[in-house]
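Notebook open, structure loaded. I want to look up the cysteines, then the aromatic rings, then one strand and its neighbours.

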Amino acid sequence: MHRVLKTKFHGPFPENTDQVIVATGCFWGSEKAFWRMPGVYTTAVGYSGGKKDNPTYEQVCSGRTGHTEAVLVVWDKDRLSFTDIVRMYLQCHNPTQVNGQGNDHGTQYRTALYYNTEEQKKVAEAAIRSYEKSLGGRKIATELKPENRFYYAEDYHQQYLASPGARKYCSAQPQGVQLEPAEKWLPADLKKVFAPKLGEDFWNKHAPKPHCVLNDPHEQIVWSN
């Protein structure tokens, strides 16, 4: 059971949920950023994007399995949109850094988003193009691929930052730059289905800042859409 949300983090999940796998460097802080989003049903950390079945943490850290340190995010579609998830993904780390995040270096720390529908892919591509402009033309290094098998990490990694005696560590490097409002970049044919549920007021108050995830409460943000 999820340490904070008290939901199961192994499927099957409730019918009115959607999911995606993201990687933003070290998965400890990334998972917390997502579980705090209002409307997220559950999160889990694991390994994705590689070739080895059932890798261990040590094997992934060797850089030889091809996996990323990844986060499975599952959300209530009535309360969150994939567009909101993509925005958190882009803003909670430095998506321009190649094969690393902060002082963590290696292919396991690369930035990635593993989509499960072509519509998710189109939304992610449009968000990336917009965020590159917001970042002054810097190239985003996201590995954007179809959803790869997700291997759950060892139990002690799950919701690590909320576990007793956890080491307060997060290598993510949020750039402090907001993604433009979705109406400016969402493809016209997807604007209705993928309209964000979280307004600019949410992002003005809760947008990721450097090291904020270490100091934020563990509890999920309470927010009325």
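**Cysteines**

I started with Cys92, which has 6% relative accessibility and so counts as buried. Worth jotting down before I go on: this is a predicted model.

Next I looked for disulfides and got zero for the structure. Cys92 is accordingly in no disulfide, and the nearest cysteine sulfur, that of Cys170, is 8.1 Å away.

I then turned to Cys170. Which cysteine sulfur is closest to the sulfur of Cys170? That one is in Cys26, at 6.4 Å, which is too far for a bond because the cut-off for a disulfide is 2.5 Å. Cys170 is buried too, since its relative accessibility is 9%.

**Aromatic rings**

I ran the ring search over the whole structure and it came back with ten aromatic pairs. I took down two of them, noting the centre distance and the plane angle, because that is how a pair of aromatic rings is described.

One of the pairs is Phe150 with Tyr152, edge-to-face, with 5.0 Å centre to centre and 85 degrees between the planes. Are these two rings' residues buried or partly exposed? Phe150, at 13% relative accessibility, counts as buried, whereas Tyr152, at 27%, counts as partly exposed.

Another entry is Phe202 with Trp203, also edge-to-face, where I read 5.2 Å centre to centre and 90 degrees between the planes. Both Phe202 and Trp203 are buried.

I also followed the ring pairs outward from Phe150 and Tyr152: they link up with Phe9 into a cluster.

While on rings, I checked for charges over them. The charged end of Arg167 sits over the ring of Tyr169, at 4.9 Å from the ring centre.

**Strand E2**

Last stop, strand E2, residues 40–48. Why do I call E2 largely enclosed by the rest of the structure? Because eight of its nine residues are buried.

I looked up its pairing next. E2 runs antiparallel to strand E3 (residues 68–76), and eight bridges join them. E2 also runs antiparallel to strand E8 (residues 151–152), this time with two bridges.

Tyr47 was handy for tracing both contacts. Its bridge partner in E3 is Glu69, and in E8 its bridge partner is Tyr151.

A reminder to myself for viewing the sheet: in a regular strand, side chains alternate between the two faces of the sheet.

Notes. Residues numbered from 1 in each chain as written. Predicted model: local features only at pLDDT ≥ 70, side-chain atom pairs only at ≥ 80, totals over all residues. Heavy atoms only, no water. Buried < 20%, exposed > 50% of the residue type's maximum accessible area, 1.4 Å probe, protein only. Helix = DSSP H or I, 4+ residues; strand = E, 2+ residues; numbered from the N terminus. Pairing = 2+ DSSP bridges. Phe/Tyr/Trp six-rings, centres within 6.5 Å; stacked < 30°, edge-to-face > 60°. Lys NZ or Arg CZ within 6 Å of the ring centre and 35° of its normal.
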